[in-house]
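Me: Got a minute to walk through this one with me? I'd like the overall picture before we poke at single residues.

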Amino acid sequence: MIIKCPICEGTGKKIVRYKTCPVCEGTGFIDEFSPKQHMKRVSKRATYDLDYGEIPCPKCKGEGKIPIYDTCDFCGGSGKVVKCDRCGTIIGKYPDFKDRTLCDKCLKEEEERKKGLRNVYIFDEVATYHDVEPGKFYKGTVTRIEKYGAFINLNEKIRGLLRTRDMVSLRLDDLKVGDEIIVQAVDVRPEKREIDFRYIPLSTYDLVQFEKEIPISKIKDIVEKLVELRDQVVHIVGEVVQIVQTPGPTIFTVTDGTDFTWVAALEIAGLRAHPEVRVGDIIDVIGRVNIRDGRLQIERIKLKKLEGEEAEKIKKEIEKEIDKRAEPAKDIKFLVKSEVLERLRPKMADVAKRIRKAVLDGRPIIIRHHADTDGYCGGVALEKAILPIIDKFAIDVDAIWHFFKRRPSKAPFYELEDVTKDLVYSIEDSLKFGQKLPLIVLIDNGSTDEDIPAISKAKAYGIEVIVIDHHFPGEVVDGKAEIDDYVDAHVNPYLVGGDSNLTAGVLGTEIARMINPEVEDEIKHIPGIAVVGDHAKGDEAEQYVKIALDRLNELSQKYGKKRKYDREYLEKIALCMDFEAFYLRFMDGKGIVDDILATNTKEFGRHEELIDILYEQAMKMVDRQMRAVIPALKTEFLENGIILNTLDVEKYAHKFTFPPPGKTTGFAHDYIVQKYGEDKPIITLSYGPDFGVVRATDAVHEQYNFNLNLIVEKLMEEIPEASIDGGGHECAGSIKFVEGLRDKVINRFIEIIKEMKPKNLKVRK
């Protein structure tokens with residue numbers, strides 16, 4: 001116990017010497033006292049009896065010397081000492097001996113007393129068969145009684161046999177299930193999970209709680225030795241990425257950055273264990289290794305939620321580990337030579353890393369792509385790269401269904417209807433299945449100001465949004481467009497001086513190869529289909545077409561009907577994809593899309609057969625539409641040299657069937673181009689009650705600086721009451737407006753076309 005220092009009486013100081021009093025100079029008294037001097041205006045009679053004399057010094061109290069102090073060496077200046085609880089002897093100064101309760105003599109006596117006692121160990125659930133030592137005593141519980149002896153459990157997992165012959169003075173009839181008993185381990189066979197016990201009555205003993213230090217292991221190391229470590233107790237620290245309540249235990253999905261594991265915790269069947277733990281928390285788990293569905297599951301023994309600086313430190317370590325593993329494949333050469341792609345490489349690598357990181361971080365991924373050939377090509381290429389990584393790194397055997405969604409968008413931008421669906425389903429999954437909110441990847445849309453409202457809504461929930469697009473993003477300043485203020489990453493050829501000819505299918509495929517180089521053979525033909533379907537031009541497009549034809553001819557020779565394919569076959573595939581997309585609507589078309597795009601290489605024969613069937617059906621419907629459209633198509637040769645074609649698709653085209661207005665406009669435009677030549681400046685405008693669709697040849701862009709996006713912006717400024725929006729590529733896109741002002745919008749659009757002047761070219765009159 002702690003008491004006041006008996007030497008300094010708690011002051012912490014002691015007198016070491018004395019010095020002469022400076023006031024009285026060692027006399028002990030001050031100068032003589034004179035009543036007349038100190039008592040003025042007092043009568044002589046009043047002072048008559050006061051005598052002259054000396055008084056004691058107030059400084060030294062008449063001693064003539066004063067003490068000099070120093071620190072008390074007995075208590076060290078603390079004013080306190082520690083006394084033995086048993087005999088009262090002073091042990092030492094405070095705080096050096098604050099943890100001592102007995103002096104050396106009493107401590108020795110206590111140790112000698114304990115030597116005559118037996119230690120009896122009590123196991124918690126952390127202990128295993130390997131922790132039981134022959135010769136030591138343990139406290140257990142009788143769990144079963146047979147004729148030959150009693151089974152004793154030291155914890156839920158450790159059980160041994162106390163045979164009748166080893167009971168000494170104890171009788172089997174004296175025992176019943178549930179009794180606690182002290183036994184001695186005689187023979188321990190951990191590899192067989194067997195222990196032989198002996199009963200020796202003990203009159204005196206000490207109960208000792210078994211404490212086992214279990215070092216923290218990496219989940220990856222446990223997975224690599226899964227069979228070897230089965231039933232062993234391990235210690236992990238990680239982040240909770242998902243929580244699922246089953247009819248039995250609560251299942252926590254945990255990652256430490258190296259791998260994933262399930263942690264199963266059961267309190268009461270169907271009741272949520274550890275309700276204080278939420279997704280994103282850091283937990284410290286000690287548990288027993290088990291195997292479930294061929295994957296690692298740790299059955300919780302102890303689980304503690306970490307908080308504060310400790311949790312933040314571990315979270316940073318996990319983030320660092322994930323960041324390192326998320327690095328995409330380096331030095332991947334593009335499938336073609338392209339200066340624009342090389343300038344885009346850092347942005348593409350960043351997107352690839354973000355996607356890989358989402359998988360390793362246990363975040364679902366949603367891919368939103370435009371519902372046309374180019375959009376499907378880009379989305380499927382990414383899907384083929386991402387799914388194997390999810391299957392490899394995610395612990396859930398059904399993770400490819402729970403953690404990945406690919407959804408087409410009818411609109412050529414991310415509209416509010418789409419983001420609302422994505423948010424509702426994601427929030428429901430978070431509430432039902434404890435998933436994190438997703439990473440959203442927009443491909444073949446996402447670059448324009450029309451995408452901003454939907455993206456802003458997603459960002460309000462803290463969702464990471466990535467854009468991979470080739471549409472005109474508006475004004476680009478220092479490599480950034482307006483949309484860059486709203487998204488986390490943006491890949492677009494316009495940001496580095498390119499144009500729309502590097503389509504979404506091209507960008508998606510090249511990024512997919514960075515994410516997962518092993519899927520290259522499955523997807524390297526996809527860009528060729530995409531550029532043909534999107535009417536892309538240029539040297540890069542032709543290189544991709546050649547790669548696609550070489551790959552398809554190779555597959556045909558290996559699996560198919562041994563046909564020889566050309567560019568026309570790629571156009572067939574693109575038409576079939578658009579045809580099927582019309583009927584898929586908001587479904588991803590998994591399986592059918594793989595067969596159309598020939599990414600299911602083992603079923604290439606089915607691909608060829610399906611293309612033949614779909615192409616025949618599509619062309620019948622196209623021919624039917626064109627029979628109605630061509631006679632209604634109005635062609636006008638403008639004074640500035642442009643050939644303008646207009647079509648009222650509301651009156652002169654079939655509704656709610658293939659081809660839709662956009663494709664119908666494309667086929668009508670192609671008809672005029674074949675008639676007058678691709679080198680001619682030709683614009684085709686089809687319109688309905690509240691929309692217009694525009695197609696133009698490259699000659700219009702090259703000779704007249706035609707850019708549909710700029711025209712749409714001009715119309716928005718001039719006719720604000722029409723509530724105009726739209727855009728797309730320079731030479732292909734759409735316009736939306738209110739129905740009542742259709743004529744005003746369409747007429748003004750035609751006027752702008754007529755006002756366009758060619759660059760340094762003679763106008764034919």
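Reply: Sure. Helices (H or I, at least four residues) and strands (E, at least two) are DSSP runs, numbered from the N terminus. This is a predicted model, so local features need pLDDT of at least 70 and side-chain atom pairs count only at pLDDT 80 or more, while totals for chains, interfaces and linings use all residues. Residues are numbered from 1 along each chain as its sequence is written, and side-chain values use heavy atoms, with hydrogens and water left out.

Me: OK, how many helices and strands are in the protein chain?
Reply: The protein chain has 23 helices and 28 strands.

Me: And what's the radius of gyration of the protein chain?
Reply: It comes out at 44 Å, where a compact globule of 765 residues would have one near 27 Å. That radius is taken over C-alpha atoms, and the globule rule is 2.2 Å times the number of residues to the power 0.38. Along the principal axes, the C-alpha trace spans about 145 × 110 × 45 Å.

Me: How much of the protein chain counts as buried?
Reply: 50% of the 765 residues. Buried means under 20% relative accessible area, exposed over 50%, and partly exposed in between (1.4 Å probe, protein chains only).

Me: What does the surface of the protein chain add up to?
Reply: About 38,700 Å² is exposed, and carbon and sulfur atoms supply 49% of that. The areas come from the Shrake-Rupley method with a 1.4 Å probe; for residues, only the protein chains shown count as cover.

Me: How many positive and negative side chains are there?
Reply: 120 positive and 133 negative, with the centres of the two sets 5 Å apart. Lys and Arg count as positive, Asp and Glu as negative, and His and the chain ends are not counted. Each charge is placed at NZ of Lys, CZ of Arg, CG of Asp or CD of Glu.

Me: Single residues now. Is Glu464 buried or exposed?
Reply: Glu464 is buried because its relative accessible area is 12%. You'll find Glu464 in strand S21, residues 464-468.

Me: What does the side chain of Glu464 make a polar contact with?
Reply: With the side chain of Arg354, at 2.6 Å. A polar contact is a pair of N or O atoms within 3.5 Å; within protein, one must be able to donate a hydrogen and the other to accept it, and residues adjacent in sequence count only if both atoms are side-chain atoms. Not counting residues up to four places away in sequence, Glu464 also touches others, including Arg363, Lys459 and Asp488. A contact means heavy atoms within 4.5 Å.

Me: Where is Asp281 found?
Reply: In the loop between strand S15 (260-265) and strand S16 (282-292). Asp281 counts as buried because its relative accessibility is 16%. Its side chain makes a polar contact with the side chain of Lys305 at 3.4 Å, and a polar atom of that Asp281 side chain lies 2.7 Å from the backbone nitrogen of Arg278.

Me: Switching topic: which residues does a cis peptide bond join?
Reply: One joins Tyr94 and Pro95, with omega about 10°, and another joins Phe658 and Pro659, with omega about -5°. Pro95 sits in the loop between strand S5 (90-93) and helix H3 (104-115). Pro659 is in the loop between helix H19 (649-652) and helix H20 (661-676).

Me: Which residue has a positive phi although it is not a glycine?
Reply: Asp231 is one, at about 75°, and Ala598 is another, at about 60°. For background, most residues other than glycine have a negative phi, and most peptide bonds are trans.

Me: Why does Ala598 count as buried?
Reply: Because its relative accessibility is 1%. Asp231, on the other hand, counts as partly exposed because it has 28%. Ala598 is in the loop between helix H17 (592-596) and helix H18 (604-629), and Asp231 is in the loop between helix H5 (226-229) and strand S13 (233-245).

Me: Last one: what separates the C-alpha atoms of Asp588 and Arg407?
Reply: 5.3 Å in space, and 181 residues along the chain. Asp588 belongs to the loop between helix H16 (567-584) and H17, and a polar atom of its side chain lies 3.0 Å from the backbone nitrogen of Lys590.
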